Amino acid sequence: MRIAFGGYEHETNNFSSTPVTAQVMDQIMRRGEDLARQHSGIRTMVGGVLDECAALGIDAVPTIYGEAGPCAATEQGAFEAFVEELVDRLWAAHCEAPLDAIALPIHGAGVAEGYPDMESAQLRAVRARFGPDIPIGMVLDLHGNITPEMMELSNISVGFQSYPHTDTYESGRLLIRLLHEQHTTGKRLHQALVQLPWHVVPAFGVTLSGPAHDVMAFNQQLVKNDPALRDVTFYHGFPYSDVSFAGASLTAVAETPEGAQRAARKAAEYAWSRRHDFLMPINSAEQAVDLALQAEYPVVINESSDNPGGGAPGDGTHLLREMLKRDIPGSVYGYIYDPEVVRQAVAAGVGQTIDCLLGAKTDSHHGQPVELKGAYIKTISDGKYLKKNPMGAGGIGSIGTSVLLQVGNVSIIVGSVRRQVLDDGPFRVVGIDWQDMRIIALKSAQHFKGWWTGRAKTIIACESPGIHSADLTAFTFRYANTEYFPLGDAQWGE
Ligand SMILES: [Zn+2]
């Protein structure tokens, strides 16, 4: 069997002011063997695709693939150029030796200028060249806003079950297993979609416990109980994409169209019945620090509303300002994105002090810059580390050239590449052992829990104002349906 894979993965937050430009696309795209090498032995979707192909003796053909960090929509010309190259490379692979299937490990919440449903745009272009018969499989992110068109244009879709997405690798493997099953049995599998009038906010979507865990477990039980069922996925959707079809949905893959439809419907009924349980209390920066002082430490406070993993700038200052005000011994803020301050500190050198305005430079939604006087430069680093979080473990992470500033009792890590914090990498690069600290602040909604759970004694979420906030009433949506629960009281299924 011969499977070619490729695609462009992006989670788009249309409240961000940072688009994906042609220059960014150039930097992230990997082609051919270079693409395979980048993911070989790494726990990513593509790593899973490669390993399952190897295990089943499938000839895996890497074409072109890249993932841009979450931010605003992709520029139209850059996206169209990518799609053209993707289709050309897939077709070239097919002309070399016929392909039996195509695998697109992409996302589901991608928006490009002129293409609100970026996944369907990729599928449509591939279909236009290959026709309706070749099986096309997708791996999609749990935050995908899934559309009927994606279902029509593809043959099999599987999504991440867990948030934190610790099963990206396994999802890649599952897709290849299902494509292989179809090929060897000669029987096509079928998929179904049920969309719900519901915006699940990432801050309440963790699957380690609580309602999202229950929904995931319910779906896994459905698959276990029915030998004709291959997959059931609960997509939380991504409201910050601000597209008309943003919302939660359920998909199923089964041996018959009716079986898939029945399972997706059943799963949707259960998820919908739990929707009120997804509304949870939120803490301001002040409340989060108050709670941290009473908790067993080390305490991690995650500033979910400024999560770069959801398209936020990562330079918000609400929680940092509160920590500086409290000046609690053993506090570390890791990290804030500010390449300008990094450059200033590097120019001054280790052991020197600087005065600077730190953070809040990307937009006006994440506070005001913090004025620092006499910040002591303790460390300068290249910011590179080995990833430990199951999401991408074994790969190299980087927060870019980075510095550790000491201001009173607060250690502040400043980085020059925008990233979500997944493990202790950003702390290690500047020489901080987090186990020595009392309060550790970081920017992430849930993914950091894939590593920090069981290590930090306490985890407290902080919801300061920001473009990844759990408070959807704070947003002015242009396209997303504001009748959907919990913004409105849309009814479904009754
Ligand atoms: Zn996601």
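The following exercises, each with a worked solution, concern the predicted model shown above.

Residues are numbered from 1 along each chain as its sequence is written. Because the model is predicted, local features need pLDDT of at least 70 and side-chain atom pairs count only at pLDDT 80 or more, whereas totals for chains, interfaces and linings use all residues.

**Exercise 1. Describe the surroundings and pairing of strand β1.**

Solution.
Step 1. Strands are DSSP runs of E with at least two residues, helices are DSSP runs of H or I with at least four residues, and both are numbered from the N terminus. A residue is buried if 20 or more other C-beta atoms lie within 10 Å of its own, exposed if 12 or fewer, and partly exposed in between, with C-beta atoms placed from the backbone.
Step 2. Strand β1 covers residues 2-9, and seven of its eight residues are buried, so β1 is largely enclosed by the rest of the structure.
Step 3. Two strands pair if DSSP finds at least two bridges between them. Strand β3 (residues 59-67) runs parallel to β1 and is joined to β1 by seven bridges; within this pairing, A4 has V61 as its bridge partner.
Step 4. Strand β4 (residues 101-105) also pairs with β1 in the parallel sense, over three bridges. Here I3 stands opposite A101.

**Exercise 2. Determine the strand order of the sheet that contains β7, and identify its edges.**

Solution.
Step 1. The sheet is open, has three strands in the order β7-β9-β8, and is paired in the antiparallel sense.
Step 2. The edge positions belong to β7 (190-195) and β8 (229-235); each has a single partner strand, so one side of each is left without a neighbour in the sheet.
Step 3. From one strand to the next, the twist averages 10°.
Step 4. The antiparallel pairing of β7 with β9 (residues 249-254) comprises six bridges, and Q191 stands opposite V253 in β9.

**Exercise 3. Place A260 relative to this sheet.**

Solution.
Step 1. A260 is in helix α9.
Step 2. With 25 other C-beta atoms within 10 Å, A260 is buried.
Step 3. Two residues are in contact if their C-beta atoms, placed from the backbone, lie within 7 Å. Leaving out residues up to four places away in sequence, A260 touches H190, Q191, A192, A252, V253 and A254.
Step 4. A260 and L193 are 67 residues apart along the chain, and their C-alpha atoms are separated by 8.3 Å.

**Exercise 4. Characterise the packing of two helix pairs, α8 with α9 and α10 with α11.**

Solution.
Step 1. Two packed helices are described by the angle between their axes and the distance between the axes. Axes are lines fitted to C-alpha atoms, for helices over the stretch in contact, and angles run from 0 to 180 degrees between N-to-C directions. Angles under 35 degrees count as roughly parallel, over 145 as roughly antiparallel, 65 to 115 as roughly perpendicular and the rest as oblique.
Step 2. Helix α8 (residues 210-225) packs against helix α9 (residues 257-273) at an angle of about 155°, with the axes 10 Å apart. The two helices are therefore roughly antiparallel.
Step 3. In this pair, V215, F218, N219 and L222 of α8 meet A263, K266, A267, Y270 and A271 of α9. By class, the contact has seven nonpolar, one polar and one charged residues. Ala, Val, Leu, Ile, Met, Phe, Trp, Tyr, Cys and Pro count as nonpolar, Asp, Glu, Lys and Arg as charged, and the others, Gly among them, as polar.
Step 4. For helix α10 (residues 285-294) and helix α11 (residues 318-326), the axes come within 9 Å and cross at roughly 50°. This makes α10 oblique to α11.
Step 5. A285, E286, A288 and V289 in α10 meet H318, L319, E322, M323 and R326 in α11. This contact has five nonpolar, one polar and three charged residues.

**Exercise 5. Locate the cis peptide bonds and positive phi values listed below.**

Solution.
Step 1. Most residues other than glycine have a negative phi, and most peptide bonds are trans.
Step 2. The Y163 to P164 peptide bond is cis, with omega near 10°; P164 is in the loop between β6 (156-159) and α7 (168-185).
Step 3. G334 and Y335 are joined by a cis peptide bond with omega of about 10°, and Y335 is in strand β11 (residues 331-337).
Step 4. D242, which is not a glycine, has a positive phi near 50°. D242 lies in the loop between β8 and β9 and is buried, with 20 other C-beta atoms within 10 Å.
Step 5. A360 has a positive phi of about 55°. A360 lies in the loop between β12 (353-358) and β13 (370-381) and is buried, with 23 other C-beta atoms within 10 Å.
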